[in-house]
Amino acid sequence: KAVAHRICSGQVILDLSSAVKELVENSLDAGASNIEIILKEYGEEFFKVIDNGSGISPDNFQALARKHHTSKIMEFSDLHSLTTFGFRGEALSSLCALGNVTVETRSKNEALGTHLTFDHSGSVIEEKKTARQVGTSVIVEKLFCSLPVRNKEFSRNIRREYGKLTSLLNAYALMARGVRFLCTNITGKNSRSVVLKTQGNSSIKENVITVLGFNTFQCLEPLSLHLCESCTVEGFLSKPGYGSGRNMGDRQFFYINGRPVDMPKVSKLLNEVYRGSNSKQYPIAIMNFIMPTMSCDVNVSPDKRKVFISDEGSLLLLLRTEIEKMYAPHGC
Ligand code: ADP
Ligand code: MG
């Protein structure tokens with residue numbers, strides 16, 4: 001049973017970025033306005049996410065890392081109106097199965113915080129009081145230590161995993177309003193490098209400047225498309241002729257209702273239309289698709305990056321027409 005649990009957990013937590021993503025989403029769900037991410041050796045030794053959110057109340061401690069324990073969904077019918085990132089109660093239980101997890105938390109009704117240590121089955125094995133501010137820290141040491149093959153793979157690819165993580169953190173930092181992000185990586189004895197630092201801006205425009213830089217911002221124009229009655233797209237897109245020389249992916253950010261998702265078909269469409277006018281570059285894109293929660297399903301893959309959109313084909317056609325208008329040579 002323990003082995004099965006480890007294997008299933010390895011499908012929820014695929015790699016470093018999906019692990020950190022779950023923790024950051026928990027912090028956002030808890031209403032944090034400050035989220036700090038600390039990596040040790042690019043996340044290979046440990047990663048830690050510290051927030052100033054609501055904290056966790058003591059009656060949740062024992063079940064916290066039990067599979068399917070969640071405080072976010074009361075009944076299945078809620079699924080369609082869901083606005084939190086999490087709802088399946090799988091992240092903490094999976095992280096416990098795959099690494100060594102400790103949680104430090106204090107909710108506003110408690111005078112002191114609590115430090116909790118979990119074993120691989122998700123049971124609390126140590127609980128002690130500690131002083132801390134309201135909020136939560138989750139530390140995961142030695143991710144994948146319980147899956148030897150994955151662990152080897154993880155160590156070998158750590159730089160790539162780290163790269164993927166930074167672009168994922170950028171995706172969250174671009175869309176979040178009023179949330180400060182700080183991510184640092186500690187290597188060797190004590191050398192720290194800042195991976196990401198934002199000021200809790202109140203607009204996406206300011207986030208773009210902070211996260212991608214002013215030079216990149218100048219290459220973009222604001223996007224506001226009404227594709228149809230039920231779908232609009234807000235964000236930024238490269239001006240004609242201003243793209244990114246690098247390959248797609250790290251400069252294209254897609255969201256549905258503010259949730260970062262993978263949209264390979266949209267990416268392909270953008271690249272095709274854009275490259276029709278300029279063969280060497282890829283467009284930079286920040287695109288948030290706003291649509292009724294009824295018309296999309298994020299429950300396709302355990303990491304919630306894949307989505308089903310109802311009537312995706314016609315949406316893509318409408319989008320293509322709009323993007324073609326933007327990139328059509330002037331004067332036509
Ligand atoms: P889910 O997010 O799907 O509910 P998780 O396994 O990610 O499941 O988390 C389990 C529960 O632990 C959450 O429902 C929440 O109650 C609590 N929790 C986890 N992280 C935090 C946090 N940073 N702040 C407050 N509560 C948290
Ligand atoms: Mg969660």
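Which residues is Val140 in contact with, leaving aside its neighbours within four places in sequence? The exercises below work on a predicted model, in which local features need pLDDT of at least 70, side-chain atom pairs count only at pLDDT 80 or more, and totals for chains, interfaces and linings use all residues. Residues are numbered from 1 along each chain as its sequence is written, while chains are lettered from A and ligands numbered from 1 in the order in which they are written.

**Exercise 1. Place Val140 and list its contacts.**

Step 1. Find the element. Val140 sits in strand β6. Helices (H or I, at least four residues) and strands (E, at least two) are DSSP runs, numbered from the N terminus.

Step 2. Count neighbours. Val140 has 25 other C-beta atoms within 10 Å, so Val140 is buried. The cut-offs: buried means 20 or more other C-beta atoms within 10 Å of the residue's own, exposed means 12 or fewer, and partly exposed is in between, with C-beta atoms placed from the backbone.

Step 3. List the contacts. Two residues are in contact if their C-beta atoms, placed from the backbone, lie within 7 Å. Outside four places in sequence, Val140 touches Ala19, Phe46, Phe47, Leu95, Gly99 and Val101.

Step 4. Take one partner. Gly99 is 41 residues from Val140 in sequence, yet their C-alpha atoms are 6.1 Å apart.

**Exercise 2. Do the same for Ser27.**

Step 1. Ser27 belongs to helix α2.

Step 2. Ser27 counts as buried because 29 other C-beta atoms lie within 10 Å.

Step 3. Beyond four places in sequence, the contacts of Ser27 are Ala32, Ile35, Val49, Asp51 and Gly53.

Step 4. Asp51 lies 24 residues along the chain from Ser27, with 6.0 Å between the C-alpha atoms.

**Exercise 3. Describe how α1 packs on α3.**

Step 1. Get the geometry. The axes of α1 (residues 2-12) and α3 come within 8 Å and cross at roughly 120 degrees. Axes are lines fitted to C-alpha atoms, for helices over the stretch in contact, and angles run from 0 to 180 degrees between N-to-C directions.

Step 2. Classify the angle. At roughly 120 degrees, α1 is oblique to α3. Angles under 35 degrees count as roughly parallel, over 145 as roughly antiparallel, 65 to 115 as roughly perpendicular and the rest as oblique.

Step 3. Assign the hand. The crossing of α1 and α3 is left-handed. That term applies if the near helix is turned anticlockwise from the far one by less than a right angle; clockwise gives right-handed.

Step 4. Name the residues. His5, Arg6, Ser9, Gly10 and Val12 of α1 meet Ala91, Ser94, Ala97 and Leu98 of α3.

Step 5. Sort them. The α1 and α3 contact holds four nonpolar, four polar and one charged residue. Here Ala, Val, Leu, Ile, Met, Phe, Trp, Tyr, Cys and Pro count as nonpolar, Asp, Glu, Lys and Arg as charged, and the others, Gly among them, as polar.

**Exercise 4. Is α3 covered or open, and what lies over its buried residues?**

Step 1. Eight of the eight residues of α3 are buried, so α3 is mostly covered.

Step 2. The cover over these residues includes α1, α2, β3 (100-106), β4 (113-118) and β6 (135-141).

**Exercise 5. Analyse the packing of α2 and α5.**

Step 1. The axes of α2 and α5 are 8 Å apart, at an angle of about 30 degrees.

Step 2. That makes the two helices, α2 and α5, roughly parallel.

Step 3. α2 and α5 cross in the right-handed sense.

Step 4. From α2 come Leu16, Ser17, Val20, Lys21 and Val24; from α5 come Glu161, Tyr162, Lys164, Leu165, Leu168 and Tyr172.

Step 5. The α2 and α5 contact divides into seven nonpolar, one polar and three charged residues.

**Exercise 6. Characterise the shell around ligand 1.**

Step 1. Around ligand 1 there are 24 residues, of which Asn26, Ala30, Thr70, Gly86 and Ala91 come nearest. A residue is near a molecule if its C-beta atom, placed from the backbone, lies within 6 Å of it.

Step 2. α2 (16-29) and α3 (91-98) each give at least two residues to this shell.

Step 3. The shell has six nonpolar, 13 polar and five charged residues.

**Exercise 7. Examine the phi angle of Asn257.**

Step 1. Most residues other than glycine have a negative phi.

Step 2. Asn257 is not a glycine, yet has a positive phi of about 45 degrees.

Step 3. Asn257 is in the loop between β11 (252-256) and β12 (259-261).

Step 4. With 14 other C-beta atoms within 10 Å, Asn257 is partly exposed.
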